[in-house]
Structures are given as C-alpha cells and as structure tokens.
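Me: I have a model open and want to go through a few loop residues. Can we take them one by one?

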Amino acid sequence: MKRSFRAITTVGVVAAFAMSLAACSTTASTGSATTATEKKDITIAFVMGAESDPFFQAMKVGAEEEAKAQGVKLIWQGDPAKYSAETQIPIVDAVLAQQPTGLVLVPTDPKALQASVAKATAAGIPVVNVDTHVSDLKDVVSFITGDNADGGSKAADALATQIGYKSGGSYKVVVGLTSATATTNVSRLDGFKAQVAAKYPGVEIVDVAYSESNPETAATNVSNWLTKYPDLNGIFAIDGTNASGAAAALESKGLSGKIGLVGYDAYPDNVAKIKSGIFTALVAQDPAAEARLAIKTLVEFINTGKTATEHEVVIPNVVLDSKTSDADFAKYTYVK
C-alpha cells in the first residue's frame with residue numbers, strides 16, 4: 001500500500017511512542033534488534049547517483065539534518081558526476097567494506113544493483129532505497145520516492161498547453177533522460193506517454209536521448225535535435241540535469257520561449273528561468289524529505305527490528321510555473 005508523506009509522519013509518531021514502551025523488539029530478516037535500554041553506535045552509509053547533481057545536494061542536506069537529529073554518523077558517497085551502475089557498484093562495495101550499520105541506496109540501475117542489496121543484507125546491513133529502487137524489493141526495508149508517473153503526466157499537460165495543442169493538430173516533442181533503466185526515468189516517461197496517448201493524440205514523441213546526469217551531454221542532445229527536427233514543438237527534460245542542459249541549448253540558439261520546455265527538479269538556476277520564460281514548468285520533488293525519512297526509518301529499524309514507515313512511500317510532486325507564488329517558489333526550490 002502507498003500513502004503520502006504527511007500520513008506516514010503522523011503514523012510514525014504514534015508508532016515510535018508505542019515502541020518506546022517496549023523493553024525490546026523482535027528481530028526482522030534484514031537486520032538485528034537491540035533492547036530499548038541499549039545505546040548503539042550507528043553509522044548510516046548513503047550512496048547516491050551523481051554527487052554534483054543539485055537534486056542529490058539537496059538530498060544531502062536532509063540526510064545530514066536527520067543524521068544529526070538522530071545522533072548517528074553519516075557516510076555520504078557517490079560518483080562526482082557520472083550516473084551509472086558501472087561507477088556506482090564499486091562505491092557501494094567500498095562503503096560496505098566499512099561495515100556500516102545501515103545503507104541508504106539510490107540504485108542507478110534496478111537489475112545491476114540488486115546484487116549490492118543482497119550483499120548488504122547478507123552481511124546484516126539493512127537497506128532503504130530512495131528515489132529509485134532495485135527490481136526486487138523483498139530485502140529492502142522501505143522504498144521512498146516521489147510520484148514519478150504522476151509527474152510525467154503533469155509534464156505532458158504543461159507541455160501541451162505551452163505548444164498550443166488543438167485536436168486534429170500535429171506536434172513533435174522529444175524527451176531527454178539520464179538513464180534508460182533508472183526507475184524514476186522509466187516511470188516519468190511512462191506517465192508522460194500515457195497522458196499523451198489519452199489526451200493529446202496529435203503529439204508524437206519523435207526521439208529520446210540519454211545524458212548520464214551530465215548537463216553538457218544533455219545540451220548536446222538538444223542541439224542535435226534542433227538540427228534534426230527544425231519543426232520541433234516541445235521538450236520534456238525528465239530530470240534536473242537534462243533540464244539545465246536543455247535550457248542552455250535553447251538559450252544559445254536564441255529559442256527561449258519559442259520551443260516548449262518542461263523540466264523536472266527545482267534547481268535554483270532553473271526556477272529563476274521560469275519567470276524569464278525559458279521553462280514552461282518544472283516538476284519539483286522533495287529530496288530532503290526523502291532523505292530525512294530514509295535515515296529515520298533505518299535508525300528506527302536498527303534499534304527495534306521494525307519500522308512504522310510503509311514498505312513503499314510516495315511523496316507528492318508540485319508543479320512550479322509562472323503562476324506559482326513567491327512563497328511556494330521559496331518553499332520548493334532545492335536547498336544547497
């Protein structure tokens with residue numbers, strides 16, 4: 001069952017109080033419990049996708065805040081810039097060699113990182129997936145993410161409005177992604193495609209391309225599209241780095257506002273470009289909240305052998321556009 005972060009928080013407070021009354025808890029299959037009177041030194045390893053990505057920088061802020069609040073040590077690791085299983089797996093192996101008490105993992109590929117989850121749980125290290133997930137979640141304590149399919153659907157609506165969609169018309173759009181397999185990208189693309197098919201049959205997705213979370217690569221992809229499709233109507237940049245790259249490419253060609261651009265992630269620089277007309281809209285997530293809940297969940301599980309957090313938690317997205325209030329811009333723009 002999935003429910004919102006707000007509901008999870010309320011239930012979590014009640015459950016945490018109830019668990020504090022117990023002298024000890026039962027042991028779950030993916031970790032060991034300690035008695036309530038014991039003080040356990042806890043180290044949480046947090047391995048994300050590409051550390052330079054502002055999405056993960058905002059996530060780090062939340063992780064550090066919650067680690068401090070919980071009184072636990074945080075190991076923050078990730079490739080400096082590249083979002084790929086090839087670079088992530090050795091980092092996970094190195095982190096596990098340090099024998100952390102728990103692991104928060106943002107899998108760059110659902111299948112390739114499955115063995116890393118198995119390795120951790122075999123060593124008695126419980127795992128929480130954040131943002132993306134491995135293929136089989138049975139050994140994962142919890143999976144916490146934004147509503148990606150809904151975000152893709154909302155992006156389709158915003159782009160259709162920007163390009164002036166009318167029934168019977170014909171429109172060409174492209175989609176920039178980081179990865180063909182990352183579960184967030186897959187869900188957003190599925191949501192976008194489903195909404196286009198249901199409401200905007202005249203819109204054709206003529207191409208997709210991948211950037212591995214590199215904005216320069218994303219900009220090159222968009223530049224190539226502008227040459228290949230001179231009658232291009234719109235772009236869906238499926239995550240923040242693709243949004244940054246797409247905006248840079250349109251600006252360099254003098255096409256800001258002339259081609260519809262809907263992006264993902266409320267990077268400060270990109271939020272500023274909504275008002276200047278470069279972006280039609282941005283779908284904002286709450287990476288700091290995801291990280292805080294992941295740390296809280298793992299600490300609770302390590303200390304008690306169970307958690308009040310649902311096995312799958314979906315945190316709602318927010319669409320930012322030219323009509324968004326200054327207060328909401330300030331609230332949802334990612335912190336550094």
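Some questions on loop residues follow, each with a short answer.

Me: Is Thr-324 buried or exposed?
Reply: The model is predicted, so the area is computed from predicted coordinates. Buried means under 20% relative accessible area. Thr-324 has a relative accessible area of 13%. That value falls under the cut-off, so Thr-324 is buried.

Me: Which backbone atom lies 2.9 Å from a polar atom of the side chain of Thr-324?
Reply: Thr-324 sits in the loop between strand S12 (318–321) and helix H11 (326–332). Its side-chain polar atom is 2.9 Å from the backbone of a residue in strand S12. The atom is the backbone nitrogen of Asp-321.

Me: Which residues does Thr-324 touch, not counting those up to four places away in sequence?
Reply: Leaving out those sequence neighbours, two names remain. One, at 319, falls within strand S12 (318–321), and the other, at 329, within helix H11 (326–332). They are Val-319 and Phe-329.

Me: What is the phi of Asp-131?
Reply: Asp-131 is found in the loop between strand S4 (127–130) and strand S5 (142–146). Asp-131 is buried, at 5% relative accessible area. The residue is not a glycine, yet its phi is positive. The value is about 70°.

Me: Is Glu-212 buried, partly exposed or exposed?
Reply: Glu-212 is placed in the loop between strand S7 (203–210) and helix H7 (215–228). Its phi is positive, near 55°, though it is a residue other than glycine. Buried is under 20% and exposed is over 50%. Glu-212 has 36% relative accessibility, so it counts as partly exposed.

Terms used
Residues numbered from 1 in each chain as written. Predicted model: local features only at pLDDT ≥ 70, side-chain atom pairs only at ≥ 80, totals over all residues. Heavy atoms only, no water. Helix = DSSP H or I, 4+ residues; strand = E, 2+ residues; numbered from the N terminus. Buried < 20%, exposed > 50% of the residue type's maximum accessible area, 1.4 Å probe, protein only. Polar contact = N/O pair within 3.5 Å; in protein donor to acceptor, adjacent residues only side chain to side chain. Contact = heavy atoms within 4.5 Å.
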